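Hi everyone, thanks for coming. Please have the sequence and the model open while I talk.

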Amino acid sequence: MKYALIGCGRISPNHIVAAQKNHLDIVAICDLSERNMKDKILKFRLPDSVKCYTDYKEMLVQEKPELVAIATESGRHAQIAVDCMELGHANLIIEKPIALSLADADRIIEVADREHLKVCACHQNRFNKSIRKIREAVEMERFGRMFHGTAHVRWARDYEYYSRAKWRGTWEQDGGALMNQCIHNIDLLRWMMGDEIECVTGMTDRLHHDYIEAEDLGIALIRFTNGAYGIVEGTTNVYPRNLEETLYLFGEKGTVKAGGASVNVIEEWCFSDMLDNPEEVKRQFHENPPNVYGYGHTPLYEDVIHAIETDTQPYVDAHAGRRALELVLAIYQSAATGSVVKFPLKDCDTMRFQGRFDK
């Protein structure tokens with residue numbers, strides 16, 4: 001299967017490795033920076049046959065890839081996705097968030113349906129060994145009635161991080177801590193708690209990073225339609241380095257905690273049915289990835305390839321990406337207006353909050 005990557009920045013190594021491990025035919029990479037592309041070719045020993053492009057539309061016409069991964073700044077995801085489908089008839093893996101507006105997310109879904117193409121939202125943590133085990137327990141209804149769940153992302157991002165890419169922390173191209181760093185765990189929380197939301201109340205602030213436009217702290221309370229509650233806490237203000245990403249689920253008959261750098265470790269496993277040994281589960285479903293991106297890209301790619309070959313939907317489809325985006329935007333809207341936001345959220349985008357923290 002012919003594959004191309006658009007965007008050779010911070011997350012691109014995970015995509016290249018995933019493509020290599022899944023034996024995709026990497027025909028091209030694309031980036032505005034020649035240096036970025038040369039670096040990736042050397043680092044991952046890509047063959048001489050791999051072409052470099054600074055214009056992704058030219059790449060689509062010349063190379064005709066069957067699968068394209070989009071790993072650019074977030075604000076460009078939607079237009080590139082639509083172009084890839086309409087001009088290149090390519091299936092897609094889109095890095096999170098799938099877009100920065102609900103209208104753009106809906107446009108991606110509409111074009112994919114019209115062109116009969118597969119779109120995967122790259123929420124790779126759903127493929128963590130720990131998360132797969134927890135999801136299995138949810139689907140088996142081992143928790144009984146779900147009471148509440150919490151998602152915490154307690155990370156550090158400094159001036160060096162933001163200065164390396166001017167789009168980071170901007171409303172037009174990125175958003176803040178919730179949209180960039182925390183959306184993976186927000187996706188997991190919504191998914192595990194039943195997906196359907198009644199309302200959300202949020203508060204956001206920019207406490208430490210006065211050189212970015214968006215928030216570095218976000219806190220939210222969610223009420224799900226099944227009567228359960230959710231709590232989100234996300235920050236990039238932790239001193240001096242990343243502390244943890246954790247997901248807690250509390251039910252009538254079960255308690256689970258996933259922790260570690262990026263929910264790769266089951267730290268608590270307790271169910272009334274006693275179907276498995278908690279210590280054995282903790283030992284077996286434990287990963288120690290070298291960074292917060294984890295190992296999920298490779299199985300995510302495997303799943304997308306299977307979806308294309310069998311004409312089925314990816315495990316994490318565009319609708320899943322839209323739901324994660326909707327929840328972040330709802331938190332932003334609640335924080336900006338000081339009111340409870342009811343679901344479904346009507347059209348909303350990050351640019352609506354431009355100037356939010358300006359003094």
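I'll go through the pockets, two helices, the cysteines, a few loop residues and some backbone details. Keep in mind throughout that this is a predicted model.

Let's begin with the open spaces. Rolling a probe the size of a water molecule over the atoms shows where empty space is left. Here, the largest pocket holds about 970 Å³ of space. Its lining has 39 residues, and those nearest the centre are Gly 9, Arg 10, Ala 71, Trp 167 and Arg 168. What kinds of residue make up that lining? The split is even: 13 nonpolar, 13 polar and 13 charged.

The second largest pocket has about 230 Å³ of space. It is lined by 14 residues, and Pro 13, Asn 14, Val 17, Gly 294 and Tyr 295 are the closest to its centre. Two helices, H1 (12-21) and H11 (297-310), each give at least two residues to this lining. H1 provides the largest share, with five residues. By type, the lining of this second pocket has six nonpolar, six polar and two charged residues.

Next, please find helix H5, residues 102-115. With 14 residues at 1.5 Å a residue, H5 should span 20 Å, and its end C-alpha atoms are indeed 20 Å apart, so the two agree. Which residues of H5 are buried? They are Leu 102, Ala 105, Ile 108, Ile 109, Val 111 and Ala 112. An α-helix has 3.6 residues a turn, so residues three or four places apart point the same way. The buried residues of H5 pack against helix H4 (77-88), strand S5 (91-95), strand S6 (119-122) and helix H12 (318-337). Just after H5 comes His 116, with a positive phi of about 55 degrees.

Now look at helix H9, residues 183-192. Here 10 of the 10 residues are buried, so H9 is largely enclosed by the rest of the structure. Among the buried residues are the charged-type names Asp 187 and Arg 190, along with Ile 183, Leu 188 and Trp 191. After H9 comes Gly 194, whose phi is positive, near 110 degrees.

On to the cysteines. How many disulfides does a search of the whole structure find? The count is zero. For Cys 8, the nearest cysteine sulfur belongs to Cys 52 and is 7.5 Å away. A disulfide would need the two sulfur atoms within 2.5 Å, so that pair does not count as one. Cys 8 is buried, at 1% relative accessibility. Cys 199 is in no disulfide either, with the sulfur of Cys 348, its nearest, 16 Å away. Cys 199 also counts as buried, at 14% relative accessibility.

Let me pick out three more residues. Asp 205 is in strand S8, residues 197-205. Is Asp 205 buried, exposed or partly exposed? It is partly exposed, with a relative accessible area of 31%. Asp 205 and Glu 215 are 10 residues apart in sequence, and their C-alpha atoms are 5.1 Å apart. Beyond its sequence neighbours within four places, Asp 205 is in contact with Glu 215, Asp 216, Leu 217 and Phe 357.

Thr 236 is in the loop between strand S10 (229-235) and strand S11 (244-251). Thr 236 is buried, at 1% relative accessible area. Leaving aside neighbours within four places, its contacts include Trp 155, Tyr 162, His 209 and Asp 216.

Pro 289 is in the loop between helix H10 (278-284) and H11, and is buried at 12%. Outside its neighbours within four places, Pro 289 is in contact with Asn 264, Gly 294 and Tyr 295. Those last two names came up earlier, close to the centre of the second largest pocket.

Last, some backbone details. Most residues other than glycine have a negative phi, and most peptide bonds are trans. The bond from Tyr 239 to Pro 240 is cis, with omega near -5 degrees, and Pro 240 is in the loop between S10 and S11. Phe 343 and Pro 344 are also joined by a cis peptide bond, with omega about 0 degrees.

Val 263 has a positive phi, near 45 degrees, and is buried, at 0% relative accessible area. Asp 311 has a positive phi too, near 55 degrees, but this residue is exposed, at 59%. That's my tour, and I'm happy to take questions.

Key. Residues are numbered from 1 along each chain as its sequence is written. This is a predicted model: local features need pLDDT of at least 70, side-chain atom pairs count only at pLDDT 80 or more; totals for chains, interfaces and linings use all residues. Side-chain values use heavy atoms; hydrogens and water are left out. Buried means under 20% relative accessible area, exposed over 50%, partly exposed in between (1.4 Å probe, protein chains only). On a 1 Å grid over the protein atoms alone, a cavity is a set of points where a 1.4 Å probe fits but cannot get out, and a pocket is an open set with protein on both sides within 12 Å along at least five of seven lines; lining residues have an atom within 4 Å of a point. Grid points are joined across faces, edges and corners, and a volume is the space filled by probe spheres set on the points. Helices (H or I, at least four residues) and strands (E, at least two) are DSSP runs, numbered from the N terminus. The expected span of a helix is 1.5 Å times one less than its number of residues. Contact means heavy atoms within 4.5 Å.
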